[in-house]
Amino acid sequence: HYLAAIVSPGLIAAAYDSSAGWGDVSITPWIAGVAIVFVLGAASASVRRAPYVTLVVLWFAITIAPTSSFLPQPTFVDEDRVVLPLALFWGMVGAGLVLAFRVRRAVVRVATVVVAVGAIFGSALATAKRGVVWSNEEWVWLDAIEKYPRSDKAHTNLCANVASVAERVSYAVPVCRRALELSPGNEIARAALVRAYVAIGASNEALAEAERGLRELPNDPNIIRVAGIAAWMNDDKGRADALFRRAVARSPWDQESIIYLARTEVALGQKEAARETLRKLSGRTVTDVALRLVLAEVVFDRGDVLGAEAIFAEERARLGDKMVEPALGLAKAAWIREDRARALEILREAERENANRPMALLKVARGFETIRSPADAIRVIEGVAVARPQAVFPQTELARAYANVGRRADACRVFDRIRDRVKEDRAHRKFVAQMNAFCASTRD
């Protein structure tokens, strides 16, 4: 593959199809092996007639060997691995052009200049094109998939990448499913698929994929952790607690499992246990933004308002309007400090910043409810529900918000509209039960 990519740079990608199968027999390694033996044999045989050619070929073979994919390795291709192997080749090309230019014949000199300029500009253009691709992590893997549609590594990396980007998470589902088709035991793709389902609110699918992952890889800490996240989403805190404990036992240094376990312990009223769990982070810096926000919530729930506020303020300064959660945390802290005016100011600013982000606006609405401003909350939710009439979550939030302020007719009207769509969803079990009871009492 490396040799072919030198001849045809269009083959260069961050991942490629490691073999082309013929039934159960992978023929590409055999073809590659024969080609390599032939090239090395020819280079050795020409040592007297063309010593420089032999030197270049042997240099390339020796320097590429430690990172070649001739023998299976966990990761087997990176573009920068050919820099050293090709250094001698391009050095000799340059030297050859210099020697050719010294020939006194004008035709040879002109031809040398044309070749040199063409090589320089061609290489510069190819480098610029690759630079554009490598400027965005998602583009890197899209490029690889376009060139090698059966590359499980490319699909897996794209899956993991988009599953962590809020604006792209819905795209992660088909990509992750394709990665699992290409590599059924792929724990990275399975875990990313669960996270994607959690992010888009598909609780049943998240739980189903998590259980499937636990059956396939019962001892994998990554699978156990995302299964805990799916259980938490389905309001099964006892199950989530047990899974996070297993994840921490399997991977004691995993910050995410530790923080999620502490959050679950706080939710179960085990604040002292949560304090002990968080001591596992002593002396270690939590750098992941999402984890820092969860940690801040845990610190909040433990009663350390100033500690949580410091984390939220730092993330707000660093992220600006890229994430709404730091603003919500600061508003909550201001409310607890009895500065309602400041809390309202922060939330209204967050509302303006996230005017085109429906899910973020629903979180802002929850923030308004936290600081006892239900009119603002309903106004925001109504706006989202009108903008996205087919989405279930805005409708459930609207029914709940109406019910909280006693607008029974409006709450039940909205609930009747979506009842059939949510009654079988595990994530909405509590909501459905509460609304059924609420509307039944209203009609009585």
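Trainee: What percentage of the 444 residues in the protein do the buried residues make up?

Mentor: Buried residues make up 40% of the 444 residues; a residue is called buried when its relative accessible area is under 20%, exposed when it is over 50%, and partly exposed in between, using a 1.4 Å probe and protein chains only. This is a predicted model, where local features need pLDDT of at least 70 and side-chain atom pairs count only at pLDDT 80 or more, while totals for chains, interfaces and linings use all residues. Residues are numbered from 1 along each chain as its sequence is written, and side-chain values use heavy atoms, with hydrogens and water left out.

Trainee: How do you know what confidence the predictor has in this protein, and where is pLDDT under 50?

Mentor: The value to read is pLDDT, the predictor's confidence in each residue on a scale from 0 to 100, and the protein averages 83, with 87% of the residues scoring at least 70. Residues 19-27 stay under 50, and the model gives this stretch eight contacts (heavy atoms within 4.5 Å) beyond four places in sequence. Residues 71-77 are also below 50, with 18 contacts beyond near neighbours in sequence.

Trainee: What makes Cys159 and Cys176 a disulfide?

Mentor: Two cysteine sulfur atoms count as a disulfide when they lie within 2.5 Å, and those of Cys159 and Cys176 are 2.0 Å apart, which meets the cut-off. In general, a disulfide is a covalent bond between the sulfur atoms of two cysteines. The torsion about the S-S bond of Cys159 and Cys176 is about 90°, so this disulfide is right-handed. The pair links distant parts of the chain, 17 residues apart, with Cys159 in helix 7 (residues 152-162) and Cys176 in helix 8 (residues 169-182). Helices here are DSSP runs of H or I with at least four residues, strands are runs of E with at least two, and both are numbered from the N terminus.

Trainee: Why is Cys159 called buried, and why is Cys176?

Mentor: Cys159 has 0% relative accessibility and therefore counts as buried, and Cys176, also at 0%, is buried by the cut-off already given.

Trainee: How do you know which hand the disulfide of Cys412 and Cys439 has?

Mentor: Their sulfur atoms are 2.3 Å apart, so the distance rule is met here too. The torsion about the S-S bond is about -110°, so the disulfide of Cys412 and Cys439 is left-handed. Cys412 lies in helix 22 (residues 408-422) and Cys439 in helix 23 (residues 429-443), so the pair ties together parts that are 27 residues apart in sequence. Cys412, at 7% relative accessibility, counts as buried, as does Cys439 at 1%. A search of the whole structure finds two disulfides.

Trainee: Why are Phe244 and Tyr260 called stacked?

Mentor: Rings of Phe, Tyr and Trp (its six-membered ring) pair if their centres lie within 6.5 Å, and planes under 30 degrees apart count as stacked, over 60 as edge-to-face and the rest as tilted. By this rule there are three aromatic pairs. Phe244 and Tyr260 have 5.5 Å centre to centre and 25° between the planes, so both values fit a stacked pair. Phe244 belongs to helix 12 (residues 237-250) and Tyr260 to helix 13 (residues 255-267), 16 residues apart. Phe244 is buried at 0%, and Tyr260 is buried at 11%.

Trainee: What makes the pair of Phe300 and Phe312 tilted?

Mentor: Their ring centres are 5.9 Å apart and their planes stand at 40°, so the pair is tilted. Phe300 lies in helix 15 (residues 289-301) and Phe312 in helix 16 (residues 305-319), so the pair ties together parts that are twelve residues apart in sequence. Both Phe300 and Phe312 are buried.

Trainee: How do you know that Lys332 lies over the face of Phe300?

Mentor: The rule asks for NZ of Lys or CZ of Arg within 6 Å of the ring centre and within 35 degrees of the ring normal. Lys332 is 4.7 Å from the ring centre of Phe300, so the distance part is satisfied. The charged end of Arg109 likewise sits over the ring of Phe101, 5.0 Å from its centre.

Trainee: Why is Arg292 called buried?

Mentor: Arg292 has a relative accessible area of 12%, and therefore it counts as buried. Its place is in helix 15, and its contacts beyond four places in sequence include Glu314, Glu315 and Arg318.
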